[in-house]
Amino acid sequence: MISRKEVAKLAGVSEATVSRVLNNVGPMKDETRERVLQAAAELGYVPNALAQQFARRRSGNIGVILPFVPKVHLFSTYYFSEILSGIGETAKRCGYDLLLIFREPDGARDYAKLFRTHKIDACIVLGSENVPEERSALAELKAGGYPFCLVNQRYDDERYETVDADHFAGSKAAVRHLLEQGKLRVAFVNGPEQYSNSADRLEGYRAALADAGISCEEELVYVGNYSRKSGQELAEPIARRIRGGGIDAVFCANDRMAFGLMQGLRERGLEPGEHYALVGYDDSDGSRIISPRLSTVAVPFYEMGSLAAAKLLDAEQRAQAEIAVLPVSFIRRETS
């Protein structure tokens, strides 16, 4: 039986290097990798698959932790489908499979257990919330040295691997556009405060108003939960203000809330682009096909997912800054 020692001798490298190449562990020069693989092929060396798995001490899975939201089809939601596509593409390129883990709203958040049981080798957390239970779970991962990355959520007082988008700039650009159209009473429909992107969008909204010399009126700031239904439920109070001249434009923190709000206002005889201006956020597929088409902010969710996976699985990306912030862009359409 051919041994790794013989492969190492023919390739002119150490046995440890042969092990790293065959187990696909750690950074490696392409030239060295090719030399080892060629030597193994010439000698007919066939590694034992079970021994490889034990040597690597890995499952071959990258975990993706998702929030479980009753009655919401996550995979048809633009935000999640785009991020998961980006994660999956990079994971496949790096030889990993995805293991999807749904987090119950009130369940235990023992993320470290997934590593201790060797179910995953790294994890990406989507929908992370700034609540004590989540902070405790992430702190345990960090203390245990387990590799993980957050997407679209920051904890500014912690040093976690994070991929985010510039939601402050995106929000500011959206509101600035409305102000430039002569809209002076811009309402804002935001998401829950436990998400850093909600805080970023609120700050961007306030900054755009301040730059225009307009004070931020708290009664013009509404809060939904990023669902279409929550936007629709806000239609009645917003409709009253539109009719009374108290609102002439609405900026929603995501497209789904904008769709719900548009539907609710339409049922009350108010049309976007005619009775009020409307801007969403995400540039989802629906924003391009709804009538009238929705002005929005494009967020590179696919690229965010891809980069998150690369930060965990690609040696070159692991050496980059802990927090990566990708740019967004405003897209004007018929509703504004």
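These exercises walk through a predicted model of one protein chain.

Residues are numbered from 1 along each chain as its sequence is written, and side-chain values use heavy atoms, without hydrogens and water. Because the model is predicted, local features need pLDDT of at least 70 and side-chain atom pairs count only at pLDDT 80 or more, while totals for chains, interfaces and linings use all residues.

**Exercise 1. The whole chain**

Find how many helices and strands the protein chain has, and what share of its residues is buried.

Solution. Start with the elements. Helices (H or I, at least four residues) and strands (E, at least two) are DSSP runs, numbered from the N terminus. The chain has 15 helices and 12 strands. Next, burial. Buried means under 20% relative accessible area, exposed over 50%, and partly exposed in between (1.4 Å probe, protein chains only). Of the 336 residues, 50% count as buried. Then the surface, by the Shrake-Rupley method with a 1.4 Å probe; for residues, only the protein chains shown count as cover. The accessible surface is about 16,200 Å², and 50% of that belongs to carbon and sulfur atoms. Last, contacts, meaning heavy atoms within 4.5 Å. Among contacts between residues at least 6 apart in sequence, 72% join residues at least 24 apart.

**Exercise 2. Helix α9**

Check the span of helix α9 against the expected value, and list what covers its buried residues.

Solution. The expected span is 1.5 Å times one less than the number of residues. Helix α9 covers residues 196–211, which is 16 residues, so it should span 22 Å. Its end C-alpha atoms are 22 Å apart, which agrees. Now look at burial. The buried residues of α9 include Ser196, Leu202, Tyr205 and Leu209. Their cover includes β5 (162–165), α8 (167–180), β6 (186–190) and β7 (221–223). After α9 comes Gly213, with a positive phi near 75°.

**Exercise 3. Two helix pairs**

Describe how α8 packs on α9, and how α1 packs on α3.

Solution. Two packed helices are described by the angle between their axes and the distance between the axes. Axes are lines fitted to C-alpha atoms, for helices over the stretch in contact, and angles run from 0 to 180 degrees between N-to-C directions. The axes of α8 and α9 come within 7 Å and cross at roughly 40°. That makes α8 oblique to α9 (under 35 degrees is roughly parallel, over 145 roughly antiparallel, 65 to 115 roughly perpendicular, the rest oblique). The contact includes Phe168 and Val175 of α8, with Tyr205 and Leu209 among the residues of α9.

Helix α1 (residues 4–11) and helix α3 (residues 30–43) pack at about 120°, with axes 9 Å apart. That makes α1 oblique to α3. Glu6, Val7, Leu10 and Ala11 in α1 meet residues of α3 that include Arg35, Val36 and Leu43.

**Exercise 4. Two residues**

Place Phe301 and Cys149, then name contacts of Phe301 and of Cys149.

Solution. Phe301 lies in helix α14 (residues 301–313). Phe301 is buried, with a relative accessible area of 1%. Beyond its neighbours within four places in sequence, Phe301 contacts Tyr78, Tyr79, Glu82, Ile83 and Asp282. Glu82 is 219 residues away along the chain, yet the C-alpha atoms of Phe301 and Glu82 are separated by 5.6 Å.

Cys149 is in strand β4 (residues 148–151). Cys149 is buried too, with a relative accessible area of 0%. Leaving aside neighbours within four places, the contacts of Cys149 include Cys123, Val163 and Leu312.
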